[in-house]
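Biologist: Please take a close look at one part of this model, the open sheet. Walk me through how the strands are arranged and what packs around them.

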Amino acid sequence: MLAAARACGADAVRIAPATPPEPARARLAAAFARGDLAAWPYDAAYAAAAADPRTLLDGARSVVCVAVAYATPGRPDRRGHGRVSNYAWSEDYHRRMRALLGELARAIEDIGGVAAIACDTAPIAERAFAERAGLGWIGKHTNLIAPGLGSYVFLGEVVTSLELAPDPPLRKTCGSCARCVDACPTGALRGDYTIDANRCISDLTQRVGPIPRALRPLIGSWLWGCDLCQEVCPPTQRAPRDARAFAPLDAVTRAPVAADLLRLRSAEFKRRYARTALGWRGAAVLRRNAAVVLGNGLDRADVPVLEAALAADPHPLVRGHVAWALGRIGSPRALAALRARLRTETDALAVDEIRAALRRDSQPHPVA
Ligand code: B12
Ligand code: SF4
Ligand code: SF4
């Protein structure tokens, strides 16, 4: 199985038994009960399903857990450019992982097994099974860290009816290290191997509704996802960053100019991003995120593009976040644009954002 998985392109592969791991179910259920993932449709029933591979395949006996490294070199943060997470700047990993897992499933079927594949979207607790199979350990940033590969690994599984010899868990922990906890700008990581995902920039930049105002300043220049807790993680820093299959599509995908994104409409968005893991939420969510990045950039040169978006963006969600950005910048022209729009804006959410921006609720330095 190991040889077959490696031939398909896996960087590491281990086997877990398909019996539901009770501690993992309990951990998942506790996280959902605490409301750690309030933006997700997860509950105790989902925890039970995700901890039981028979949800994916009747008669499941083993889970073949696969890790694929995706780290490629980053770029220093540049003024005016938004940051995109390493996992999202390449060709969509779901396609590559599905192809790899599909090949592995066919190899299993060739020897008489039945197989179902999973990566990201299926109801299975991928980190829990990978941890149980000894593919790595779950760090305080809650990502699985694979020895020699670090945490920049995608996980995938082939659930099978074959009875395969399971591998033991690693029994490794982070010890006294807490670098990721200290590096997280929003305080999402508690330090006890759990996360309040409601505060996680990765979650905030991928959700569809408004981003809570109090958290917007903490997002900094992240346009999509966030890598800060992994960037400081010693085993991840020591791992190679040469996953050529996941190289950035181009310089614009890796670090787009935030002001350009604010003008991005659906057709151009599809042309640029349909092939990436950044394409699934649509153009308006990316424009909303660009507005937050511009608000955090505090650059008066961005006021004209924000002013145009406040007047003409078709989405109230975007206009609302643009209003916030203008309020943050707070220049006379920015405030004049807000006052002008308040006279014609009809959407309640956008009106509320404009009023808050004019009250200067989000000013970085309160004006005396
Ligand atoms: C929802 C989701 C998110 C949410 C919530 C993240 C979270 N930490 O739960 C958000 C949007 C925030 C997110 C962000 C990211 N995600 Co995500 N996400 C998922 C998804 C779809 C479900 C995860 C889930 O159920 N979470 C609920 C929590 C409670 O469960 P859990 O983290 O999976 O695992 C817990 C249990 O397993 C339990 N546990 C069980 N047994 C044991 C044993 C021990 C010893 C310990 C300590 C714990 C433990 O503790 C774990 C940690 O809390 C999975 C795919 C999947 N189906 O699993 C991808 C997945 C977890 N995401 C992934 C990635 C790459 C990311 C990002 C790095 C992307 C980015 N750069 O922005 C960030 C990382 C942020 C972070 N610090 O976690 C990868 C992780 C790969 C890895 N090496 O771990 C996955 C597995 C997708 C994939 N197939 O590769 N994600
Ligand atoms: S991804 Fe960013 S916001 Fe989320 S836990 Fe890690 S450092 Fe914090
Ligand atoms: S930074 Fe340190 S504490 Fe955080 S996951 Fe990495 S090794 Fe663990």
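Modeller: Two strands pair if DSSP finds at least two bridges between them. The model is predicted. With that rule, four strands make up an open sheet. Their order is 1-2-7-4, and the pairing is antiparallel. Which strands stand at the edges? Strand 1 (12-17) and strand 4 (115-118) do. Each has a single partner strand, so one side of each is left without a neighbour in the sheet. From one strand to the next, the twist averages 20 degrees.

Now the pairing of strand 1 with strand 2. Strand 2 covers residues 62-69. Six bridges join strand 1 to strand 2, and the two run antiparallel. Within this pairing, Pro17 stands opposite Ser62 in strand 2.

Next, the packing. Helix 4 (residues 93-110) packs on the sheet. Helix 4 touches strand 2, strand 4 and strand 7 (153-160). The direction of helix 4 makes about 30 degrees with that of strand 7.

For comparison, here is a helix pair. The axes of helix 13 (residues 283-297) and helix 15 (residues 316-329) come within 8 Å. They cross at roughly 5 degrees. Angles under 35 degrees count as roughly parallel, so helix 13 is roughly parallel to helix 15. On the helix 13 side, the contact includes Arg287, Arg288 and Leu294. On the helix 15 side, Trp324, Arg328 and Ile329 are among the residues met. The residues of this contact divide into 10 nonpolar, two polar and three charged.

Technical notes: Residues are numbered from 1 along each chain as its sequence is written. Chains are lettered from A and ligands numbered from 1 in the order in which they are written. This is a predicted model: local features need pLDDT of at least 70, side-chain atom pairs count only at pLDDT 80 or more; totals for chains, interfaces and linings use all residues. Axes are lines fitted to C-alpha atoms, for helices over the stretch in contact, and angles run from 0 to 180 degrees between N-to-C directions. Two residues are in contact if their C-beta atoms, placed from the backbone, lie within 7 Å. Angles under 35 degrees count as roughly parallel, over 145 as roughly antiparallel, 65 to 115 as roughly perpendicular and the rest as oblique. Ala, Val, Leu, Ile, Met, Phe, Trp, Tyr, Cys and Pro count as nonpolar, Asp, Glu, Lys and Arg as charged, and the others, Gly among them, as polar.
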